[in-house]
Amino acid sequence: MTGTGPYAPDSSATAPGSAAPGPSVGERVRERLRSGFGLIGPRHGRHALSVEQFDSLALPVGDDGVVIGVDAESRPAVLGINRPTPYDVVLIGGLWTAQVLALRAAATGARVAVETGRAPAWMQLVHAMGGGQNGLAVYDVGRVPPQGASAGGPVLVVRDCGMRPPRGRVVAGPWQSVLTLLPYLSPAAPRLIRQARLVGVQRVSPDEAAELGRTMALPRADIDSLPTLADGVTLWCADRDRQYVMTQPTDVETGLLGTPRRMD
């Protein structure tokens with residue numbers, strides 16, 4: 001049967017032994033769909049790694065928090081102060097380092113409450129930050145009011161209360177960390193160290209280093225190094241982790257606080 005209507009035999013059909021037929025209409029449509037109707041777009045090289053290269057892939061992502069300095073390899077050392085669980089920190093060191101930490105914590109959005117018996121030493125920071133209206137306030141010892149810490153308003157309480165700090169009315173809690181500053185190793189230090197999640201130690205005497213070695217189970221190399229630490233260097237210890245950190249001030253911090261120093 002021959003004809004020209006829609007039911008006519010396919011004109012592309014060939015007799016046996018002739019050349020293979022071309023693609024059907026449906027196949028041509030599917031090919032155009034796969035190739036974008038023939039439009040040629042940009043061509044880029046594939047982003048792929050070999051198996052050997054995969055181990056070298058690294059992402060510069062670390063804990064969020066306060067940059068407290070650089071480690072021995074000059075990498076940023078970050079302290080996560082704002083936490084949903086109570087976090088106690090003890091710093092056996094100088095006022096300069098505690099004030100830098102307070103400034104940087106405030107810069108990350110935390111409110112800083114300073115409990116101190118030497119308010120004049122902190123007032124320059126209060127004035128620089130807008131008279132206590134922008135994240136940092138100073139209170140007498142035992143006079144820190146409840147801070148109302150929350151995920152949206154984390155708090156850092158800095159206790160600068162001398163060698164024998166009294167038990168604080170405001171303690172660590174959810175979104176409220178407490179940093180206790182001890183200028184030297186005192187009789188209160190062992191109790192505070194046992195309670196702390198993180199302990200920082202700056203330059204101390206050989207006798208103090210030996211005592212800390214017993215209290216904190218420090219290796220001999222760290223005990224020997226503590227009396228020789230430079231200004232601005234802190235050994236931070238948490239559980240079994242230990243890291244030496246050099247706190248380097250910014251120009252603004254140097255203008256407010258001067259250069260790093262261990263003694264006040």
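Trp175 is partly exposed in the predicted model, because its relative accessibility of 26% lies between the limits of 20% for buried and 50% for exposed residues. The residue is located in the loop that joins strand E6 (155-160) to strand E7 (176-182). Its backbone is marked by a phi near 65°, a positive value in a residue that is not glycine.

A positive phi is also found at Ala217, where the angle is about 55° although the residue is not a glycine. Ala217 belongs to the loop between helix H6 (206-216) and helix H7 (220-225). With a relative accessible area of 61%, Ala217 is classed as exposed, since this value is over the 50% limit.

Thr97 and Thr234 provide examples of buried positions. Thr97 is part of helix H3. Its relative accessibility is 1%, under the 20% limit, and Thr97 therefore counts as buried. When residues up to four places away in sequence are not counted, Thr97 touches Leu91, Gln202 and Thr234. Thr234, in turn, lies in strand E9 (residues 233-238). A relative accessible area of 0% places Thr234 in the buried class.

The two threonines are 137 residues apart along the chain, and their C-alpha atoms are separated by 9.0 Å. Apart from its neighbours within four places in sequence, Thr234 makes contact with Leu91 and Thr97, with Gly200, Val201 and Gln202, and with Gln243, Tyr244 and Val245. Leu91 and Gln202 thus appear among the contacts of Thr97 and also among those of Thr234.

Helix H3, which contains Thr97, also packs against a second helix. H3 (residues 95-107) and H4 (residues 120-128) meet at an angle of about 25°, and their axes are 12 Å apart. Because angles under 35 degrees fall in this class, H3 is roughly parallel to H4. The crossing of H3 past H4 is right-handed. On the H3 side, the contact is formed by Leu95, Ala98, Gln99, Ala102 and Leu103, which meet Ala121, Trp122, Gln124 and Leu125 of H4. Classified by residue type, this contact comprises seven nonpolar and two polar residues, with no charged residues.

At the level of the whole chain, eight helices and 10 strands are assigned. The chain has 264 residues, of which 37% are buried. Among contacts with a separation of 6 or more, 62% are between residues 24 or more positions apart. The pair formed by Thr97 and Thr234 is one instance of contact across such a separation, with the two positions 137 residues apart along the chain.

Confidence varies along the model. The mean pLDDT of the chain is 83, and 75% of the residues reach 70 or more. Two segments have values that stay under 50. In residues 1-13, where pLDDT stays under 50, the model has three contacts beyond four places in sequence. In residues 57-62, where pLDDT likewise stays under 50, there is one contact beyond four places in sequence. Where pLDDT is low, predicted coordinates should not be interpreted in detail.

How values were computed
Residues numbered from 1 in each chain as written. Predicted model: local features only at pLDDT ≥ 70, side-chain atom pairs only at ≥ 80, totals over all residues. Heavy atoms only, no water. pLDDT = per-residue confidence, 0-100. Contact = heavy atoms within 4.5 Å. Axes fitted to C-alpha atoms, helices over the stretch in contact; angles between N-to-C directions. Helix = DSSP H or I, 4+ residues; strand = E, 2+ residues; numbered from the N terminus. Parallel < 35°, antiparallel > 145°, perpendicular 65-115°, else oblique. Left-handed = near helix turned anticlockwise from the far one by under 90°. Nonpolar A, V, L, I, M, F, W, Y, C, P; charged D, E, K, R; others polar. Buried < 20%, exposed > 50% of the residue type's maximum accessible area, 1.4 Å probe, protein only.
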